[in-house]
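Welcome! Here are a few short exercises to help you find your way around a new structure, each with a worked solution.

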Amino acid sequence: EIMNGGGITRRIVDLAMAFVGALKGGLAYVNILANMFVASILGSATAQVAIMSQIMVPEMEKQGYDKDFAAGLTAYGGMLGPIIPPSVMFVVYSVMAQISVSDMLVAGSLPGLILTGLFFGVIALLGFVYNYPRALAQTPRERVLTILRAAPTMLIPIIIVGSILTGLANAPESAAVGAVAAALIGRYWTKELKISRLPQMMLRAGIYSASVLFLVAAAAVFSWVLIYGKVPQATAAWVQTVAKDPVSFMLLTNVILLVIGTVIDGIPGLIMTVPILLPIATEIYGIDPRHFGVVVVINLVLGLLSPPVGLCFFVAAAVTGAKAGRMFMVTLPFFGVACLLLILLSVYPWLSLALLK
């Protein structure tokens, strides 16, 4: 809300527009690219979907895009939040696995960029098939001015990640640091943040948070049912009898985690699965815990975009009025390329470990 009220989100969208807006389907590219920039600030899929839906969906509707497609695309853009640093889920996983937080943040960077590229490929194909509109091209001078206007907003992710890596703040505290940084930039750089509007902004933030947390609470009840029935333990025992090598174990783990992610929110999913599957991955199959963490997080986040729950779709629906079920159907190609990335990561671990060497 502070980013929106302070004009920060709009400047990030303008920054994305300067790079890709003139392409066929320009606003769809802008949606994903802006989400990638915002992901470096928020690190939360549901929060990102709530914010970006308010900005991108009305704009795409004005340009003639289908509302359900625009909202669904924004939900997939929100998937980048927990993958591109900073990521709350990577921080939680690092603590659980007792590995370096900075290593996990770096490990997620390349897969996040690859996923963005795959989403761009889908948009290019759909733009050719459905003849998506182009936005107006900017002159080189306009591009430079846009970049200069947006540059200070990119200090926010540096401040957030820096506070974590230097030990000045933990993950929740870094979120507060980011909020303060956004408020200062909105107040003194963009000069669009009005103190008189803070009560309404806080009320809206509370309403959006409540709608998300009702869904999370319902998922938590289902998680308790699974744990009480010892389903994770039985699944882990079965996995060891089926998987004969690291690749088959990772592919099988993908299926299990994706199913779990469809009904359980990301962090509860981590808490439920990592203590069971991580020792099997590292001790029996010799899989690097950082590589395993990237695959686990992407799976659980993709689960937020899969039936029967599809939490991110419901968040986008609550903000935009689009239909959650139709969102999933019209954005199936994006689901397909996300699954392709998981397969590639399972077969080629270096895709997540390359920047660590």
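**Exercise 1.** Among contacts in the protein between residues at least 6 apart in sequence, what percentage join residues at least 24 apart?

*Solution.* Keep in mind that this is a predicted model. Start from the contacts between residues at least 6 apart in sequence; 77% of these join residues at least 24 apart.

**Exercise 2.** Work out which elements build the protein, and whether it is as compact as a globular protein of its length.

*Solution.* Begin with the elements: there are 20 helices and zero strands. Next, take the radius of gyration, 20 Å, and set it beside the 21 Å that the globule rule gives for 357 residues. The two values are close, so the protein is as compact as a globular protein of that length. Finally, look at burial: 52% of the 357 residues count as buried.

**Exercise 3.** Classify the ring pair of Y29 and F120, and say where its two partners lie.

*Solution.* The search of the whole structure gives 13 aromatic pairs. In this one, the ring centres are 5.3 Å apart and the planes stand at 70°; over 60 counts as edge-to-face, so the pair is edge-to-face. Now place the partners: Y29 sits in helix α3 and F120 in helix α8, 91 residues apart. Y29 has a relative accessible area of 9%, so Y29 is buried, whereas F120, at 21%, counts as partly exposed.

**Exercise 4.** Do the same for F69 and F334.

*Solution.* Their ring centres lie 6.4 Å apart with planes at 45°, so this pair is tilted. F69 belongs to helix α5 and F334 to helix α19, so the pair ties together parts 265 residues apart in sequence. Both F69 and F334 are buried. They also belong to one aromatic cluster, whose members include Y65, Y76 and F335.

Key: Residues numbered from 1 in each chain as written. Predicted model: local features only at pLDDT ≥ 70, side-chain atom pairs only at ≥ 80, totals over all residues. Heavy atoms only, no water. Helix = DSSP H or I, 4+ residues; strand = E, 2+ residues; numbered from the N terminus. Rg over C-alpha atoms; globule rule 2.2 N^0.38 Å. Buried < 20%, exposed > 50% of the residue type's maximum accessible area, 1.4 Å probe, protein only. Contact = heavy atoms within 4.5 Å. Phe/Tyr/Trp six-rings, centres within 6.5 Å; stacked < 30°, edge-to-face > 60°.
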